[in-house]
Amino acid sequence: MEYKVKFKPVLQSFFKQHKVEYFHQFENQYFFSCFLCGERAKVDFDNTLWQCMTCEIKGNLIDLIKLVKDEPAPNRVKIYNPARERKRIKKKFGYLKTLEMDESIIKYVQKLEQEVNILLTYLIKEEKQNIADKRPEIF
Ligand SMILES: [Zn+2]
């Protein structure tokens, strides 16, 4: 019988222990900030293979463990998490709507919120397609 190691909980626990922020991107792929350059790196939670999309350093869980020791959490760059930012933007629009404003400004803000949402939906779809198209060889 073939035994398949479940790496997902191992990686989750590793990221949590070392205060590495990450977020889900596509299928089994997640993003975190590269320990060397701070840009986006992607990691496959099925096999722990990862690669920075900027400096192109790559490896597996063992290499991550070696690297994280050299770069303590406070020095690391926080990853830009689009889902979290979208929530923040939504909250800000919500706040704007609670303010007393002229009817014309309220309508303008509502229209702006709609346009932002349309743009975000478009960009997220594009991004997912790009990620799917640009799978590195290691995956
Ligand atoms: Zn990098």
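Two residues are in contact if their C-beta atoms, placed from the backbone, lie within 7 Å. This is a predicted model, in which local features need pLDDT of at least 70 and side-chain atom pairs count only at pLDDT 80 or more, whereas totals for chains, interfaces and linings use all residues. Residues are numbered from 1 along each chain as its sequence is written.

**Whole chain**

Begin with the C-alpha trace, which spans about 65 × 35 × 30 Å along its principal axes. The radius of gyration of the chain is 19 Å, while a compact globule of 139 residues would have a value near 14 Å (taken over C-alpha atoms; the globule rule is 2.2 Å times the number of residues to the power 0.38). Colour by secondary structure next: the chain has 4 helices and 5 strands, in the order α-β-β-β-β-β-α-α-α from the N terminus. These elements are DSSP runs numbered from the N terminus, with helices (H or I) of at least four residues and strands (E) of at least two.

Then select 8-79 and 82-129, which are domain 1 and domain 2 in the domain assignment; such bounds come from an automatic or database assignment. The centres of domain 1 and domain 2, taken over C-alpha atoms, are 30 Å apart.

**The sheet**

Select the strands. They form an open sheet of 5 strands in the order E1-E2-E3-E4-E5, with antiparallel pairing (two strands pair if DSSP finds at least two bridges between them). Strand E1 (22-26) and strand E5 (58-59) are at the edges with a single partner strand each, so one side of each has no neighbour in the sheet.

At one edge, 4 bridges link E1 and E2 in the antiparallel sense, and His24 lies opposite Tyr30 in E2. Move to the hairpin of these strands, which has 2 residues between them; there Glu27 takes a positive phi near 45°. At the other edge, E4 and E5 run antiparallel and are joined by 2 bridges. Select Gln51 to find its bridge partner in E5, Lys58.

**The core**

Now show Tyr30, Phe31, Phe32, Ala41 and Val43, the residues with the most contacts inside the largest nonpolar core, which has 14 residues. Strands E2 (29-33), E3 (40-44) and E4 (50-52) each supply at least two residues of this core, and E2 gives the most, with 3 residues. Such a core is a set of buried Ala, Val, Leu, Ile, Met, Phe, Trp, Tyr and Cys residues joined through C-beta atoms within 7 Å.

Centre on Phe32. Leaving aside neighbours within four places in sequence, Phe32 is in contact with Phe15, Val20, Glu21, Tyr22, Ala41, Val43 and Ile79.

**Thr48**

Proceed to Thr48, in the loop between E3 and E4. Thr48 is buried, having 20 other C-beta atoms within 10 Å (buried means 20 or more such atoms, exposed 12 or fewer, and partly exposed in between, with C-beta atoms placed from the backbone). Not counting residues up to four places away in sequence, Thr48 touches Phe7, Leu11, Val43, Asn60 and Leu61. A distance drawn from Thr48 to Ile79, 31 residues away along the chain, gives 19 Å between C-alpha atoms.

**Helix H3**

Finish with residues 82-98, helix H3, whose end C-alpha atoms are 25 Å apart; this agrees with the 24 Å that its 17 residues should span at 1.5 Å a residue (1.5 Å times one less than the number of residues). H3 is hardly covered, with 0 buried residues among its 17. Select Lys92 in this helix: Lys92 is exposed, with 11 other C-beta atoms within 10 Å. The C-alpha atoms of Lys92 and Glu113 are 9.9 Å apart, with their positions 21 residues apart along the chain.
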